[in-house]
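Below is a short set of questions and answers for the bench. Please look over the model before reading on.

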Amino acid sequence: MELHLKNKVAIVTGASKGIGLAIVEALSREGAHVVAGSRSSTPELDALRDKYDVTVVPVDLSTADGADSLVERAVDRHGRLDILVNNLGAGSPRPSFLELDDSEWQRIFDLTFFSAVRAGRAALPHLLKSEGAAIVNISSINARLPFPMVVDYSAAKAALTSLTKSLSEEFAPRGVRVNAIAPGPVRTPFWTAPGGFADVTAAAAGTTAQEAIDVVVPQSMGISTGRVTEPHEVADLALFLASPVAGNITGAEFVIDGGQIKTT
Ligand SMILES: NC(=O)c1ccc[n+]([C@@H]2O[C@H](COP(=O)([O-])OP(=O)(O)OC[C@H]3O[C@@H](n4cnc5c(N)ncnc54)[C@H](OP(=O)(O)O)[C@@H]3O)[C@@H](O)[C@H]2O)c1
């Protein structure tokens, strides 16, 4: 399918690893000019920068001015902006709601929700000048399926899903489509980094992190396909939603979870 993304200018947040990195790669392969924001780069992101038109911007997007500087870099470099992918988000395994203080709640909301608020506010004046602009927010199934182990993250993702709908209502009539993707577990450092969710699941199940993500997670979470999602599968969906091919899709949330959620 021709996605008509050639020469589009796109910002991707949280771009150095995992889903963000996969989205940078997928957009680049389609011929888009990508501006990639994360605190640091990785060899994988550097390789994409060397191969395609990828601008790597070191930026802390949990801060008030991080989003402004990222958008400014994109517009300075390319003169316009067509696509914003709010991919940044973070959670940590929580033993109990009672152990979370205000500063931890604030940290997770800054990363997972306010990063998208601030990036949207900075980007929209430019997106409104583009023909067929789009925002894609990477939410989570936890927006509608909250778990105690990610109580703060789930609430922040629910807020992001709500923001998606509000922005769509205000800006779709003015030419900016806004959609969300809600993945179930995806094989990224979010799970596989030391101390991440795979380690915690492995410790509880008395197995290895690899076995936890390949077997325990799909079985215990009721993932019908029997496996977690791969980053490139989320990236392909993001690409479709960002493209003019999805020109009449807005205010929608697309679940990609291998059938984990059993209700419609
Ligand atoms: N993996 C899953 O199972 C899953 C499931 C559902 C939804 N999601 C959502 O998908 C999105 C991507 O998740 P992922 O699993 O790919 O995450 P990840 O592997 O943990 O990667 C996070 C990315 O964000 C960057 N980042 C972290 N803090 C940052 C900050 N303060 N400012 C700028 N960049 C920052 C990281 O780079 P630096 O550390 O260099 O900054 C990295 O590039 C998130 O919104 C997540 O909630 C993930």
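**Domains, ligand shell and core**

The C-alpha centres of domain 1 and domain 2 lie 25 Å apart, with domain bounds taken from an automatic or database domain assignment. This is a predicted model, in which local features need pLDDT of at least 70, side-chain atom pairs count only at pLDDT 80 or more, and totals for chains, interfaces and linings use all residues. Residues are numbered from 1 along each chain as its sequence is written.

Q: How many residues of domain 1 are in contact with domain 2?
A: The chain is divided into domain 1 (9-184 + 229-256) and domain 2 (188-225). Contact requires C-beta atoms, placed from the backbone, within 7 Å. On the domain 2 side 6 residues take part, and on the domain 1 side the number is 6.

Q: Which residues come nearest to the ligand?
A: A residue is near the ligand if its C-beta atom, placed from the backbone, lies within 6 Å of it. Both domain 1 and domain 2 give at least three residues to this shell. Of the 29 residues around the ligand, those that come nearest are Gly14, Gly18, Arg39, Gly89 and Phe190.

Q: Which helices and strand each supply at least two residues of the shell around the ligand?
A: Helices (H or I, at least four residues) and strands (E, at least two) are DSSP runs, numbered from the N terminus. The elements that each supply at least two shell residues are helix H1 (18-29), strand S2 (33-38) and helix H6 (189-192).

Q: How many of the 12 residues of H1 are buried?
A: Buried means 20 or more other C-beta atoms within 10 Å of a residue's own, exposed means 12 or fewer, and partly exposed lies in between, with C-beta atoms placed from the backbone. Among the buried residues of H1 are Gly18, Val24 and Glu25. H1 is mostly covered, and its buried count is 11.

Q: Which helix gives the most to the largest nonpolar core?
A: A nonpolar core is a set of buried Ala, Val, Leu, Ile, Met, Phe, Trp, Tyr and Cys residues joined through C-beta atoms within 7 Å. Of the 79 residues in the largest one, Ile11, Val24 and Ala238 touch the most other members. With 10 residues, the helix that gives the most to this core is H4 (residues 102-127).

Q: Is Pro194 buried or exposed?
A: Pro194 lies in the loop between H6 and helix H7 (197-205). Because Pro194 has 8 other C-beta atoms within 10 Å, this residue is exposed.

Methods: Contact = placed C-beta atoms within 7 Å.
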